[in-house]
Amino acid sequence: MTATTGTLADEVWRLMTAQGILFAVDAPIRQTLQNLVDFFAARWQRDAAQVRAELEAALAADERFTREEVNGQMIFVTSRQGRYVPRDTTDIHTFKQRLYEPEKPLPIDDLSVVVSTSRPAITTVEPVYISDYWIEQARLVTAKAAEHEPVVEPPAPVEPAPAVAQVAPVVAEPPSAAPATPVAVELPSAVPITAEIQEAPIETKPAAEPVETAPTPPLAAPAERSTILVVDGMAIDLSRPPAEIVAEYGPALERILAERLEQDPLRRIVSFGRMHYPEDKLTSFGKNDLRKIRDYILERNEPLLDTEIVADLYYHNPRQSDYEGFRFSLNYRLSREKDFEFVGVEGANIWSTKGLPAIGSKRVKAAEMGQLTSYLIEGFDDSLTEQSAESIEASGSVTRLLTFFEWEFGVLPLDAALAALLPKSVFPDQRSAVLRFESSQHFGTYLVEVRYPTGNRGGWLQGLEDFFREHLVPGALITISRGEAVNVFTITYEEASETTGRLLTLDEKKNKFAFANMTFYCAVDDDLLPEQNRYGKLRNLKAFPMGERRKAEMILEHVCETMGERGGSREQPVYRVSFADIFMAYNVLRPASRSFLLALLANHPAIAADPAAEGFYLFTPPPEETDEAEAVEEDEDLPIQPALRRRSGRYIEEDE
């Protein structure tokens, strides 16, 4: 190797190892001869043919380079350690071969030598539940088999065949004849078999006569498969169309399925509402996940849908294959936590957490409002007199009038009309649901909480106080309709020209009723509009605390005394009041229906209908038990004590 050739080979090796600086030490570094020629010809400004000849000579003489030819193209191969040596992939280890091909294999018939890589199953005694359907099918099959089973008589006794039979020559039968019955041939062992013996007739034992056996009984006809499913006392004909079965037995079958899943001791199927999912397929959520979800709900400052939580925190979208399973796992996990409360409806899973601001007015407590609306579950709900539940479900809207109590506190009793419009609760113990009410007339959105009735307490809606006070007045006609989503509703009212009047208001500072000038732009019902010209006596109503307003009889007596015209004597006054005034004033202090007030008026011992005029009532207050004259005499006998000045401590007559 000449010096020039060695220098050129060193330069090519440094160039190729620089290109493969990140390669392994023994990894091949390949470069085509054409690329090398182009590089050095441009670098040296020389003829490409002369450069090619020098490169071939220099690289062929150097041991660090290996020459390859691929598809007619010359390639030189080297490595960072010098010469490239291909790896030997020959497997010299024989353990795998000796494992599967031992020199002295054990007998395969001995099961004790069979090696298994699977762990033995743990034998556990699990309860087995047998469906009522299979028990009934087994009983029907047994009964039908007993009906069709034939009576088999025992076979007649057969006489034994004789031990020795007469000798008869063997006669050959033609090949076409049926095969003869096989017989047993006995030859003397001491006599050799010769041709003469073979020609002589052979003594044989005749075959035993065939034994007469009883005829085979006919097979029983297969029992017809019953299509009747008996479960919990219900006989369901499965041959009917599925739509009819679901329409008639759907709720009952759903309830039975939930009960059966609840009785499973292994909890292999978990439930959330009407959805069920395998327990081993659930996605786990740790404490960090729950804390992150709670912080996000508090940051948004309102209850959130599960789809928003999944999309914003975990970046899942409905196009992913595991989306529904992940969503179910989230809802199931949150339902088992005390810090989260489900406030959704069927089709919209909404979650709330501790620390969120209350929805609606704080002036009325939940316990007090539940007692005020208890008349709805006592049978005094007449909200469906003008609009039936079927028409509400068909039209998807409810129209009603606002009373003063509803307008003042932003609540609506959850009567039968609203119950037919709004979605039902998902869980039996669900306390409330959060809906979104949109006002298309003012482009506003309001969160409304629906409190479902529980026990002896009624239900109501709260959260519309701002909308009522800004745009409506008592007596306004409002319409609530379903929206695009199951948790979205729209609220509208009938607009009218500008009107100004002195209407009843509640002065919270003085805790008393008064009249004030108000301007409104909505259509109203004059019978429910608390205007001063018509209902001036409303200012004399007492603003009782909410705890006392639940006393229906006491509020009724106060309303009759305040709104009625006094008559009778001074010792025994009689108040004459119309039902319209009673309904108007009573709904100022607490919500009530017309049927509830009529029942109160009919059962009150001191109130009677006015025979002179229909729609009027006479209220006679009971006499007071204390004697005022005796109280005055006792007060006169006592000496007058001067008041004690707070600072000086002396009794001074001027302080009286």
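# Exercises on helices, strands and buried residues

The protein chain holds 20 helices and 23 strands, where helices (H or I, at least four residues) and strands (E, at least two) are DSSP runs numbered from the N terminus. The model is predicted, with pLDDT of at least 70 needed for local features and 80 or more for side-chain atom pairs, while totals for chains, interfaces and linings use all residues. Residues are numbered from 1 along each chain as its sequence is written, and side-chain values use heavy atoms, leaving out hydrogens and water.

## Exercise 1: the chain as a whole

Find what share of the residues is buried, and what share of the contacts joins residues at least 24 apart.

Step 1. Buried means under 20% relative accessible area, exposed over 50%, and partly exposed in between (1.4 Å probe, protein chains only). By this rule, 33% of the 656 residues count as buried.

Step 2. Contact means heavy atoms within 4.5 Å. Take the contacts between residues at least 6 apart in sequence: 61% of them join residues at least 24 apart.

## Exercise 2: two helices that cross

Describe how helix 18 packs against helix 19, and say which residues make the contact.

Step 1. Two packed helices are described by the angle between their axes and the distance between the axes. The axes are lines fitted to C-alpha atoms, for helices over the stretch in contact, and angles run from 0 to 180 degrees between N-to-C directions.

Step 2. Helix 18 (residues 579–589) and helix 19 (residues 594–603) pack at about 115 degrees, and their axes are 11 Å apart. That angle makes the two helices roughly perpendicular; the classes are roughly parallel under 35 degrees, roughly antiparallel over 145, roughly perpendicular from 65 to 115, and oblique for the rest.

Step 3. The crossing of helix 18 and helix 19 is right-handed. A crossing is right-handed if the near helix is turned clockwise from the far one by less than a right angle, and left-handed if anticlockwise.

Step 4. Helix 18 brings Phe579, Ile582, Phe583 and Tyr586 to the contact, and helix 19 brings Arg594, Phe596, Leu597, Leu598, Leu600 and Leu601. These residues divide into nine nonpolar, no polar and one charged. Ala, Val, Leu, Ile, Met, Phe, Trp, Tyr, Cys and Pro count as nonpolar, Asp, Glu, Lys and Arg as charged, and the others, Gly among them, as polar.

## Exercise 3: another helix pair

Now try helix 8 and helix 9: at what angle do they pack, and how do their contact residues divide?

Step 1. Helix 8 (residues 287–300) and helix 9 (residues 306–314) pack at about 110 degrees, with axes 11 Å apart. They are therefore roughly perpendicular to each other.

Step 2. From helix 8 come Asp289, Lys292, Ile293, Tyr296, Ile297 and Arg300, which meet Glu308, Ile309, Asp312, Leu313 and Tyr314 of helix 9. The contact has six nonpolar, no polar and five charged residues.

## Exercise 4: following paired strands

Trace the partners of strand 16 and of strand 21.

Step 1. Strands of a sheet pair through backbone hydrogen bonds, either parallel or antiparallel. Here two strands pair if DSSP finds at least two bridges between them.

Step 2. Strand 16 (residues 477–482) runs antiparallel to strand 11 (residues 397–401), joined by five bridges. Val398 stands opposite Ile480 in this pair.

Step 3. Strand 16 also pairs with strand 17 (residues 488–493) in the antiparallel sense over five bridges, and Ile478 stands opposite Tyr493. A hairpin of five residues joins strand 16 to strand 17.

Step 4. Strand 21 (residues 573–578) is antiparallel to strand 20 (residues 565–568), with four bridges, and Val574 is the bridge partner of Gly567. A hairpin joins strand 20 to strand 21 through four residues.

Step 5. Four bridges also join strand 21 to strand 23 (residues 616–619), again antiparallel. Here Val577 stands opposite Tyr617.

## Exercise 5: two residues

Decide whether Ser79 is buried or exposed, do likewise for Phe272, and list what each touches.

Step 1. Ser79 is in the loop between strand 3 (73–78) and helix 4 (95–100). Its relative accessibility is 0%, so Ser79 counts as buried.

Step 2. Leaving out residues up to four places away in sequence, Ser79 touches Trp13, Thr17, Val25, Asp26, Ala27, Ile29 and Tyr84.

Step 3. Phe272 is in strand 6 (residues 269–272) and, at 3% relative accessibility, counts as buried.

Step 4. Not counting residues up to four places away, Phe272 touches Phe328, Asn331, Tyr332, Ser335, Phe342, Asn349, Trp351 and Phe427. Phe272 and Tyr332 are 60 residues apart along the chain, with 6.0 Å between their C-alpha atoms.
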